Amino acid sequence: MATQLIYTSHTESLTMGRTGFATVARNRQIPEKLAMLVERCALYENHTGEVKPVAYSSRSVVFFGRTYFVLTRTCDSGVDYTGRNNYLAHHLVVCEDEIKPDGPSSAEVLLNWDGWKSSWNESPHYIDDTIDISSIPRIPHLVPCQTWKEVFGSAQDAAILNDKNSSVLVAKAGQEELVLRLFAESMALILNPMKRWGVSFTTYQSEGHARFNWLWKTYIEPQTIPERAINVITGTMPIDDTPASRAAEYALSGVLTNKERNNLFAASPQSRPVRTFEVMPPPPPRVKDIRRLKLAMSVVGLLAAVLFFYLFFVDKKVVETSDDVPVASESESATFKSIENAPNLSFTQVKSRIRDLIDELKFQDAVAFWKASNKTNLDPSYERKLISDIGIKMDAIANEAGVIFDREPLSKEDEDKAIELLRKYEAGLSIENLPRMGDRLKRLETLKTLYLNDKTRAK
């Protein structure tokens, strides 16, 4: 069942002693740390126009190994008790287990659920009721995509949102529900319900939301129209962007094939019957062949005895009397790992050593080893690949740290391991030209806020 969380600025909150922007109501079923993640899913920028836009959004968060979809309606809420601009964010938190194949999409839930609040005049409290999202009415006749046809002149244009890595729309304040209807029609073209819910979107992109990587985002009356934006105000599309795809055909006709309707897979052709043959049993071995086999086995045994005598007596004495036997394993290993010897190694050896250093979480050493190797001329792009690999490894250890911190109960050994992973992550942030630096810095701060108390930070 879906749960709720309401966030606004108020004189009181559910957290004792906390005033201003905070959670004023939520279901008890939402764990405290998950509630902190949900609170960050909505920020609102005050719009200067007379009509205040409503931000409908959907995104997912991962908590304790499970995916939760956070559907949010954020709206202007006048001024708070201090006279500052106020907004109210009402969240529905839906666990992935609640998604049903024949249930509504996230856009349909945002449009059709009748429990959204726009202001708060109550005392902070816990909410008892949960919501069965499968009982929320679906929007009839989403396909053919009539809203896209009315706004842009072609139902096929609905498929454009699904044919791009990300899409940007432009609308005016008051058109948010129209945009949401466009989103719902485009989602109806996605037949897999989990993929449908996996689409992240917002009907009001503000500066506070800039850190979110929305798949579909809408700017409200921007001063500069983004390049290749879908303009809901003028009903115009980017030139030549109408896709020629199966989704576009479905958006126009509204007719599914039998395979799509029944979720069937193409049957593999029946294989031809296998011809069988009777195999005659082999003839019994002749006496002469048996004698030859015994002779061969005797010769092999004699040679094995000679080789054994040589290896364990003759060759051993030679090794023992030699005064110049190199200790290859240790010396070669030390040479291979030495940064001073990096220029003398082959390109393959350098890359192998760098991979080892990254696996050991020695990110600065990996970069230093590459620079000392003087191999830039062999692959000028390798340093960029190296730093990208470091970023991927850093993301992995940040995820691991979060998983460890969420263990209940959390042992001292596990806590120390997670803190050490965060220290390695923080050290990696000092690497020059690390991609997505802003996102990774924010992730570090989020992890510290969620999991490290003052005592832990002081260590």
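Helices here are DSSP runs of H or I with at least four residues, and strands are runs of E with at least two, numbered from the N terminus. The model is predicted.

**Exercise 1. Overall make-up**

Task: State how many helices and strands the protein chain holds, and what share of its residues counts as buried.

Solution.
- Step 1. The secondary structure of the protein chain consists of 15 helices and ten strands.
- Step 2. The chain has 459 residues, and 41% of them count as buried.
- Step 3. Among contacts with a separation of 6 or more, 67% are between residues 24 or more positions apart.

**Exercise 2. The largest pocket**

Task: Describe the lining of the largest pocket by residue, by element and by residue class.

Solution.
- Step 1. The volume of the largest pocket is about 1200 Å³.
- Step 2. Its lining has 32 residues, and those nearest the centre are Leu 37, Arg 59, Ser 60, Val 61 and Arg 443.
- Step 3. Two or more lining residues come from each of strand S3 (55-63), helix H12 (382-405) and helix H14 (437-451).
- Step 4. H14 contributes the most, with eight residues.
- Step 5. By class, the lining holds 14 nonpolar, eight polar and ten charged residues.

**Exercise 3. Nonpolar cores**

Task: Identify which members of the largest nonpolar core touch the most other members, and list what Phe 201 is in contact with beyond its sequence neighbours.

Solution.
- Step 1. As a general background, nonpolar side chains in soluble globular proteins tend to be buried together.
- Step 2. The largest nonpolar core has 108 residues, and Trp 148, Phe 183, Phe 201, Ile 354 and Leu 386 touch the most other members.
- Step 3. H12 supplies the largest share of this core, namely ten residues.
- Step 4. With neighbours within four places in sequence set aside, Phe 201 is in contact with Tyr 56, Ser 57, Ser 58, Ser 106, Ala 107, Leu 110, Leu 180, Phe 183, Met 187, Trp 214 and Trp 216.
- Step 5. A second core, separate and made of six residues, includes Val 24, Ala 25, Leu 88 and Ile 127.

**Exercise 4. Salt bridges and exposure**

Task: For the salt bridges Glu 360 to Arg 353, Asp 379 to Lys 385 and Lys 417 to Glu 400, give the N to O distance and classify each partner as buried, partly exposed or exposed.

Solution.
- Step 1. The cut-offs are under 20% relative accessible area for buried and over 50% for exposed, with partly exposed in between.
- Step 2. The N to O distance between Glu 360 and Arg 353 is 3.9 Å. Glu 360 has a relative accessible area of 35%, so it is partly exposed. Arg 353 has 8%, so it is buried.
- Step 3. For Asp 379 and Lys 385 the N to O distance is 3.6 Å. Asp 379 is buried because its relative accessible area is 16%, whereas Lys 385 is partly exposed at 43%.
- Step 4. Lys 417 and Glu 400 meet at 3.4 Å, N to O. This pair links distant parts of the chain, with Lys 417 in helix H13 (residues 412-428) and Glu 400 in helix H12, 17 residues apart. Lys 417 is partly exposed at 42%, and Glu 400 is partly exposed at 33%.

**Exercise 5. A salt-bridge network**

Task: Give the number of salt bridges in the structure and name the residues linked in a network of them.

Solution.
- Step 1. There are 19 salt bridges in the structure.
- Step 2. A network of salt bridges links Asp 395, Arg 436, Asp 439, Arg 440 and Arg 443.
- Step 3. Arg 443 also appears among the residues nearest the centre of the largest pocket.

Terms used
Residues are numbered from 1 along each chain as its sequence is written. This is a predicted model: local features need pLDDT of at least 70, side-chain atom pairs count only at pLDDT 80 or more; totals for chains, interfaces and linings use all residues. Side-chain values use heavy atoms; hydrogens and water are left out. On a 1 Å grid over the protein atoms alone, a cavity is a set of points where a 1.4 Å probe fits but cannot get out, and a pocket is an open set with protein on both sides within 12 Å along at least five of seven lines; lining residues have an atom within 4 Å of a point. Grid points are joined across faces, edges and corners, and a volume is the space filled by probe spheres set on the points. Ala, Val, Leu, Ile, Met, Phe, Trp, Tyr, Cys and Pro count as nonpolar, Asp, Glu, Lys and Arg as charged, and the others, Gly among them, as polar. A nonpolar core is a set of buried Ala, Val, Leu, Ile, Met, Phe, Trp, Tyr and Cys residues joined through side-chain atoms within 4.5 Å. Buried means under 20% relative accessible area, exposed over 50%, partly exposed in between (1.4 Å probe, protein chains only). Contact means heavy atoms within 4.5 Å. A salt bridge is a side-chain nitrogen of Lys or Arg within 4 Å of a carboxyl oxygen of Asp or Glu.
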